[in-house]
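User: I'd like to learn how to read a fold step by step. Could you take me through this one?

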Amino acid sequence: SSENDLSDSDSEKTEKKLLEIVSIPVQHHTRRSFNDKNKSIWSGYNIRSKSKNICFLGDTGYCEVFGEISRELGPFDLSFIPIGNYAPRHILKPQHCDPAEAVKIHFDLKSKLSIAMHWGTFQYSSENIF
């Protein structure tokens with residue numbers, strides 16, 4: 001289960017609102033110190049205006065929640081999908097997408113356009129970035 005529920009939104013529905021930002025669930029481990037493993041949430045964001053709907057996933061592994069996000073908040077005009085730091089898969093699969101999973105997320109979100117982000121930003125893992 002996730003602490004970050006799609007039905008949780010503190011946004012007010014008003015005619016004057018120019019931008020709405022909603023936290024959305026993603027899948028990633030958390031740790032800020034030695035004794036707090038997975039004690040906090042990891043989030044992406046849905047950013048929408050009257051004319052555009054954007055999905056910013058931040059950092060995530062592939063999980064089934066992307067279809068639910070699409071049903072509740074989509075379709076998306078633009079999605080930012082993370083690719084990187086994904087090898088070796090037996091260790092990093094739960095928290096980081098490989099290129100094939102990023103494409104699957106694009107289709108799950110029913111995004112019109114997606115941009116891969118943070119590929120090659122840091123060399124933490126064994127995939128070849130160049």
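User: Let's begin with helix packing. Which strands does α3 lie across, and at about what angle does α3 run to β4?

Analyst: Happy to help; keep in mind that this is a predicted model. To read helix packing, look for the strands under the helix and then for the angle between the two directions. Here α3 lies across β3, β4 and β5, and runs at about 155° to β4. The helix α1 lies across β1, β2, β3 and β4, with an angle of about 155° to β1.

User: What is the strand order of the sheet, and what kind of pairing does it have?

Analyst: For a sheet, trace the order, then look for the edges and the twist. This one is open, with five strands in the order β1-β2-β3-β4-β5 and mixed pairing. Its edge strands are β1 (20-25) and β5, each of which pairs on one side only. From one strand to the next, the twist averages 20°. As a close-up, β1 and β2 (residues 43-48) run antiparallel and are joined by six bridges; Ile24 has Gly44 in β2 as its bridge partner.

User: Back to α3. Which of its residues are buried?

Analyst: With a helix, list the buried positions and then ask where they point. In α3 the buried residues are Glu101, Ala102, Ile105, His106, Asp108 and Leu109. They sit on the same side of α3, because they cover an arc of only 165° around the axis. The face turned away from that buried side carries the exposed residues Ala100 and Phe107. Among the elements covering the buried residues are β3 (53-56), α1, β4, α2 (89-92) and β5 (111-117).

User: What caps the N-terminal end of α3, and what phi does Lys110 take just after α3?

Analyst: Helix ends deserve their own look. Asp98 is the cap at the N-terminal end, with a side-chain oxygen 3.2 Å from the backbone nitrogen of Ala100. Just after α3, Lys110 has a positive phi of about 55°.

User: How many residues does the largest nonpolar core have, and which have the most contacts inside it?

Analyst: The general idea is that nonpolar side chains tend to be buried together in soluble globular proteins. In this model the largest nonpolar core has 19 residues, and those with the most contacts inside it are Leu57, Phe66, Ile69, Ile105 and Leu109. Two or more residues each come from α1 (65-73), β4 (76-82) and α3 (99-109), and α1 gives the largest share, four residues. Take Ile105 as an example: leaving aside neighbours within four places in sequence, Ile105 is in contact with Leu57, Tyr62, Phe66, Ile81 and Cys97.

User: Now a polar residue, Asn46. Does Asn46 count as buried or exposed?

Analyst: Check the accessibility, then the partners. Asn46, in strand β2, counts as buried because its relative accessibility is 1%, where the cut-off for buried is under 20%. Its side chain makes polar contacts with the side chains of Asn53, at 2.7 Å, and Arg48, at 3.4 Å. Beyond four places in sequence, Asn46 touches residues including Glu20, Val22, Ile54, Leu73 and Phe76. Asn46 and Phe56 are 10 residues apart in sequence, with their C-alpha atoms 6.3 Å apart.

User: And what does Arg89 touch, not counting residues up to four places away in sequence?

Analyst: Arg89, in helix α2, touches His96, Cys97, Asp98 and Glu101. Arg89 is partly exposed, with a relative accessible area of 23%.

Note on methods:
Residues are numbered from 1 along each chain as its sequence is written. This is a predicted model: local features need pLDDT of at least 70, side-chain atom pairs count only at pLDDT 80 or more; totals for chains, interfaces and linings use all residues. Side-chain values use heavy atoms; hydrogens and water are left out. A nonpolar core is a set of buried Ala, Val, Leu, Ile, Met, Phe, Trp, Tyr and Cys residues joined through side-chain atoms within 4.5 Å. Buried means under 20% relative accessible area, exposed over 50%, partly exposed in between (1.4 Å probe, protein chains only). Contact means heavy atoms within 4.5 Å. The arc is that of the directions from the helix axis to the C-beta atoms. A polar contact is a pair of N or O atoms within 3.5 Å; within protein, one must be able to donate a hydrogen and the other to accept it, and residues adjacent in sequence count only if both atoms are side-chain atoms. Two strands pair if DSSP finds at least two bridges between them. Axes are lines fitted to C-alpha atoms, for helices over the stretch in contact, and angles run from 0 to 180 degrees between N-to-C directions.
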